[in-house]
Structure formats: C-alpha cells, structure tokens
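Here are my notes on this one, jotted down as I went through the coordinates. Have a look at the structure first, then read on.

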Amino acid sequence: MTIESILPIPNVFDAKRILCIQPHYDDNDIAAAGILSQLAKNGAELFYLTATDDLMGVVDVSLSNENATKALKRDQFAAGKIVGVKEQYWLGYPDAGDYNYFDLRRDFLKYIRLLKPDFVFAPDAWLTYEGHHDHIQTGLAAAEAVMFAGLIKIASSDPVVDSAYEPHSINGIALYHTREPNFIADITSVWEGKIAAVRCYEAQFDPQDMDQLIYALDTKSQQVAEGQPFRRGEPLKVLHTSALHCGF
Ligand SMILES: [Zn+2]
C-alpha cells in the first residue's frame, strides 16, 4: 500500500466542470490555454474567475479605468472564444494593491460553492522566486477554498450561496505556473490555438513585449517536453484535494 494508491493523482481528463482561478486576466491562458482548450473540446465546462482588476498592467496609461477594463474584457472574451470558456467572473481586487486575504478566500469559496466544479486550476502559491503577491495570495486562497468548500462553518462572502450549498466533491486541483510539475500536458496539437489566445491580450502587452512572451512560451513549451513522447507541453502540479494539507 502506498500513499499514491490512497490519494491518487487525479486525471484532469475526467474533469467535467472546471473553475480556473487567476490573479490577472491573462494568467489562465498564458499558463494553461493548451490543456484547457483540450478539456473544453472533450466536453468540460470552463469557468474563469479573475481576482484583480488588472489595471496596473494596461500598456496605454492614458486610458480611463473604465476604458482600460473594457479593453481587458474585450481581450479576455476574444481569447475565451478560442479556448472555449463558458463563463467569466471578476472580483475586481486592486491589481498589485492592498486587499484582504480572507476577503479573497471568502469570494473563492462563494464561487466554488455556487459553480460546484469537480476540478480547480490556480497558480502554484509555492512557486520559488514568485515575486508577485497577487499570484501568491490567489494561489493560496484558491487552495484553501478547495479544501474548505465542504466546511460550511467557514463562511463564504455570500450567505445565500452558503445556505443553498449541498456537498459536492472536488476531485483535484491543478496548479499552473509551477516549477514542480507531476504532469506535463501534451499541447502539441493545440499550440497554434494557444498562441492565438495569448495574442488576444493586446491591452497588456505592446507588440514587442508580446513577441517576447510568445518566444518565451515557445521555448518553455519545448523545454518541459524534453524526454516526453511529444514536442510541446504545459507543466502542472496536479493534486488530490486531500493532498493539499500536511504533506500527503
Ligand atoms: Zn498574473
């Protein structure tokens, strides 16, 4: 008997309802548009939840916050069409700003209890050398919300959602932006679609920065696939929900 037999690494391809929690508008797609588009093609429903307003990264600083948000959403919807996102939700916490961790976690609990995903995607909060606090907070709050979704004494931000909640199980969490993957998704056949989706995020990258991002993604997708029987990959740390605590 091994611990892996008790808490097996869940198969992302079994996922039917996937909540993808991201700090900024583009993180899910930069990290995981390849595997997510494949899962959508397989019939999974994709829901994106964006924690911050992302306003600090908008290249055109002359835009009002209102117009910058419109541009961000335009880009996100265009990318979402390519990837196959069913619904987008936003929380609007200040990008790179001062906001409360527990407020964030309460909101994540709300959407998990409301949408009842069987799989959650989120950034790896334990990524070494991650310097962006939004990524660390979002990753950790997502992991905690996954663990605590069934503990109704831990309130979400919406009492109506909490009172209507009926227990459901989340089979796993897939952490992206990770240096310790245990699963490399083969994205060779969907690479062009992934790049088309990432290129939609025009409000956040001027053309030169976008080319650099694509070059970095191109290089990394091949690097992580070294030794695999395919050319391009996306690295994920996929964990059983119960493996999120005490090192199991
Ligand atoms: Zn980000």
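The points below cover the metal site, a set of strands, the cysteines and one loop arginine.

1. Before anything else: this is a predicted model, so please read the values below as computed from predicted coordinates.

2. Start with the metal. The zinc ion takes its protein donors from three residues: ND1 of His24, two OD atoms of Asp27, and NE2 of His135. Donor distances run from 2.1 to 2.6 Å. If you are setting up parameters for the site, look at the angles too: they span 53 to 147 degrees among the four donor atoms, and the geometry comes out as irregular. That label follows because four donors count as tetrahedral only if all angles lie between 85 and 135 degrees. For reference, the ideal tetrahedral value is 109.5 degrees.

3. How are the zinc donors spaced along the chain? The pattern reads H-x2-D-x107-H. Asp27 belongs to helix H2 (residues 27-41) and His135 to helix H5 (residues 133-148), so this pair links parts that sit 108 residues apart in sequence. Asp27 and His135 are both buried.

4. Next, strand S7 (residues 233-240). Most of S7 is covered, with six of its eight residues buried. S7 runs antiparallel to S5 (residues 172-176), and four bridges join the two; Leu175 has Lys237 of S7 as its bridge partner. S7 also runs antiparallel to S6 (residues 183-186), again through four bridges, and here Asp186 stands opposite Gly233.

5. On to the cysteines. The structure has zero disulfides. For Cys20, the nearest cysteine sulfur belongs to Cys200 and is 16 Å away. Are Cys20 and Cys246 buried or exposed? Cys20 has 0% relative accessibility and therefore counts as buried, whereas Cys246, at 61%, counts as exposed.

6. Last, Arg179, which you will find in the loop between S5 and S6. Its relative accessibility is 52%, so Arg179 counts as exposed. Which residues does Arg179 touch, leaving aside those up to four places away in sequence? They are Leu127, Thr128 and Tyr129. With Thr128 there is also a side-chain polar contact of 2.8 Å. As for Ile9, Arg179 is 170 residues from it in sequence and 17 Å from it in space, C-alpha to C-alpha.

Note on methods
Residues numbered from 1 in each chain as written. Predicted model: local features only at pLDDT ≥ 70, side-chain atom pairs only at ≥ 80, totals over all residues. Heavy atoms only, no water. Donors = N, O, S within 2.8 Å, 3.2 Å for Na, K, Ca; no water. Tetrahedral: all angles 85-135°; square planar, octahedral: opposite > 155°, others 65-115°. Buried < 20%, exposed > 50% of the residue type's maximum accessible area, 1.4 Å probe, protein only. Pairing = 2+ DSSP bridges. Disulfide = S-S within 2.5 Å. Contact = heavy atoms within 4.5 Å. Polar contact = N/O pair within 3.5 Å; in protein donor to acceptor, adjacent residues only side chain to side chain.
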